[in-house]
Each structure stands twice: as structure tokens, then as C-alpha cells.
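Here's a quick briefing for anyone meeting this structure for the first time. Take a look at the model, then read on.

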Amino acid sequence: MMITDNLNLNYDLSGNLIITIPKSYIQNTEEEILLKSIEKLINLAMKEVNSEEGWIGDSAVDVVGICKSNVNDGSVHHDRDIYGLR
């Protein structure tokens, strides 16, 4: 028996996965059932994140990867390179 109906799966503004488990579930559900339910939710979230269908209709798909550069640490030094910050 899975109890995923009342477990909430959301993402914060940074894209981090947030799973909300009602306190009553933690108090009244066997640990194994609760863990299997959470595992099922995480698997569903991973399929959603890794799905190529997520790019359908996204305008970013047209520009991602079209530029070439010798910069290989752009995300690490983003603010320095873009804004000149130190």
C-alpha cells in the first residue's frame, strides 16, 4: 500500500525538490511503507526532470548550445565574467 495521495511534491525557486509529509503520516505509518512511498515520489520527479518532453515549447531550447567559447568555467565565474565583479 502506497500513500502518495497526500504527500506533496513541489520545487522551490532554485529548483530544489521539496517533499511535504503530513505529521500524521510520520506518526501513524509504518516506516517501510512511508519510505517506499517517498521513493516512488522521487522516481516520478526524476522522470519528470530527465524527460526531454520538458523542453517542448520552451524557447530556451533554440539557443542552448549554439555558442562556442574557450570558457569552461562559466558558471563558476559567471558574475566576474558577465558583470566584472571580483
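**Ser37, a good place to start**

At 0% relative accessibility, Ser37 counts as buried. Keep in mind that this is a predicted model. Ser37 sits in helix H2, and its side chain reaches the backbone oxygen of Ile33 at 2.9 Å. From there, let's step back and go through the rest by topic.

**The overall layout**

- The chain's secondary structure adds up to three helices and two strands.
- Read from the N terminus on, the elements go β-β-α-α-α.
- There are 86 residues in the chain, and buried ones make up 12% of them.
- Take the contacts with a separation of 6 or more: 40% of them are between residues 24 or more positions apart.

**The inside**

- Which residues make up the largest nonpolar core? Leu7, Tyr25, Leu34, Ile38 and Leu41 do, five residues in all.
- Helix H2, which covers residues 31–50, brings the largest share of this core, with three residues.
- Ser37, the buried residue from the start, belongs to helix H2 too.

**The outside**

- About 7600 Å² of the chain is exposed, and 52% of that comes from carbon and sulfur atoms.
- Tyr11, Leu17, Ile42, Met46 and Val49 form a nonpolar surface patch of about 430 Å².
- H2 turns up here as well: it gives the most to the nonpolar patch, with three residues.
- Is Val49 buried or exposed? With a relative accessible area of 56%, Val49 is over the 50% cut-off, so it counts as exposed.
- Val49 lies in helix H2.

**The salt bridge**

- Side chains of opposite charge can pair when their charged atoms come close.
- How many salt bridges does a search of the whole structure find? It finds one.
- That salt bridge joins the side chains of Lys36 and Glu32, at 3.2 Å from N to O.
- Lys36 and Glu32 are four residues apart in helix H2, so about one helical turn separates them.
- Glu32 counts as exposed, at 52% relative accessibility.
- Lys36 has a relative accessible area of 39%, which makes it partly exposed.

**What to look for in H2**

- On the inside, helix H2 supplies three residues of the largest nonpolar core.
- On the surface, H2 supplies three residues of the nonpolar patch.
- Helix H2 also holds Lys36 and Glu32, the two residues whose side chains meet in the salt bridge.

Methods. Residues are numbered from 1 along each chain as its sequence is written. This is a predicted model: local features need pLDDT of at least 70, side-chain atom pairs count only at pLDDT 80 or more; totals for chains, interfaces and linings use all residues. Side-chain values use heavy atoms; hydrogens and water are left out. A nonpolar core is a set of buried Ala, Val, Leu, Ile, Met, Phe, Trp, Tyr and Cys residues joined through side-chain atoms within 4.5 Å. Buried means under 20% relative accessible area, exposed over 50%, partly exposed in between (1.4 Å probe, protein chains only). A polar contact is a pair of N or O atoms within 3.5 Å; within protein, one must be able to donate a hydrogen and the other to accept it, and residues adjacent in sequence count only if both atoms are side-chain atoms. Contact means heavy atoms within 4.5 Å. Accessible areas come from the Shrake-Rupley method with a 1.4 Å probe; for residues, only the protein chains shown count as cover. Patches are made of residues with over 30% relative accessible area and no salt bridge: like charges are joined within 9 Å, nonpolar side chains (Val, Leu, Ile, Met, Phe, Trp, Tyr) within 5 Å. A salt bridge is a side-chain nitrogen of Lys or Arg within 4 Å of a carboxyl oxygen of Asp or Glu.
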